[in-house]
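Trainee: Got a minute to go through this one with me?
Mentor: Sure, put it up and ask away.

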Amino acid sequence: MADNHKLDDLANRVHLSKRSFNRYFKTATQMTLSQWLTAKRLAKVQDYLESTDLPIEIIADKTGFGTASNL
C-alpha cells in the first residue's frame with residue numbers, strides 16, 4: 001500500500017493503454033484507480049489503529065499517505 005502506484009506502470013504491466021486500463025478498472029471496481037487505492041489505504045489505516053499502538057506518523061507512512069496531515 002505504501003508504494004506509489006502509477007497508472008502508466010500498471011497499464012504497461014497488463015499490456016493496455018491507460019485509457020483502456022481506466023475503463024476496465026472502473027467497470028470492475030466501480031471506482032477510479034485513485035479512489036480504490038485511497039479506500040484500500042484507509043482500510044489499512046483503520047486496521048493499524050485498531051490493532052497496534054503505532055504512532056499515527058508511522059501508520060501514515062506505512063500506508064502510503066506520507067504524513068498524518070494527509071490522512
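Trainee: Is T63 buried or exposed?
Mentor: Buried, with a relative accessible area of 0%. Keep in mind that this is a predicted model.

Trainee: Where is T63 found?
Mentor: In the segment after helix 4, which covers 56-62.

Trainee: And what lies 2.8 Å from a polar atom of the T63 side chain?
Mentor: The backbone oxygen of I59.

Trainee: I59 again, then. Which core is I59 in?
Mentor: Let me start with the largest nonpolar core. That one has six residues: L10, A11, F21, F25, L33 and L37. Helix 1 (7-13), helix 2 and helix 3 each give two or more residues to this core. Another core, of five residues, lies apart from it, and I59 is among its members, as are V45, Y48 and F65.

Trainee: Why would such residues gather at all?
Mentor: In soluble globular proteins, nonpolar side chains tend to be buried together.

Trainee: Take F25. Where does F25 sit, and is F25 buried or exposed?
Mentor: F25 is in helix 2, residues 18-29. At 16% relative accessible area, F25 counts as buried because the cut-off is under 20%.

Trainee: What does F25 touch, leaving out residues up to four places away in sequence?
Mentor: Q30, M31, T32, L33 and W36.

Trainee: How far is F25 from T38 in space?
Mentor: 15 Å, C-alpha to C-alpha, with their positions 13 residues apart in sequence.

Trainee: Switching to charges. How many salt bridges are there?
Mentor: Two. In one, D8 pairs with K18, and the closest N and O atoms are 3.5 Å apart. This pair links distant parts of the chain, since D8 is in helix 1 and K18 in helix 2, ten residues apart.

Trainee: Are D8 and K18 buried or exposed?
Mentor: Neither. D8 is partly exposed at 41% relative accessibility. K18 is partly exposed too, at 43%.

Trainee: Which side chains meet in the other bridge?
Mentor: D47 and K44, at 3.6 Å, N to O. Both lie in helix 3, three residues apart, which is about one turn of the helix. D47 is partly exposed at 36%, and K44 is partly exposed at 32%.

Trainee: Last topic, the surface. Which residues form a nonpolar patch there?
Mentor: L42, L49, I56 and L71, with about 330 Å² of accessible area together. L42 is in helix 3, residues 33-51. At 40% relative accessibility, L42 is partly exposed.

Definitions and conventions
Residues numbered from 1 in each chain as written. Predicted model: local features only at pLDDT ≥ 70, side-chain atom pairs only at ≥ 80, totals over all residues. Heavy atoms only, no water. Helix = DSSP H or I, 4+ residues; strand = E, 2+ residues; numbered from the N terminus. Buried < 20%, exposed > 50% of the residue type's maximum accessible area, 1.4 Å probe, protein only. Polar contact = N/O pair within 3.5 Å; in protein donor to acceptor, adjacent residues only side chain to side chain. Contact = heavy atoms within 4.5 Å. Patch = residues over 30% accessible without salt bridge, like charges linked within 9 Å, V, L, I, M, F, W, Y side chains within 5 Å. Areas by Shrake-Rupley, 256 points an atom, 1.4 Å probe, with all protein chains shown as cover. Salt bridge = Lys/Arg side-chain N within 4 Å of Asp/Glu carboxyl O. Core = buried A, V, L, I, M, F, W, Y, C linked by side-chain atoms within 4.5 Å.
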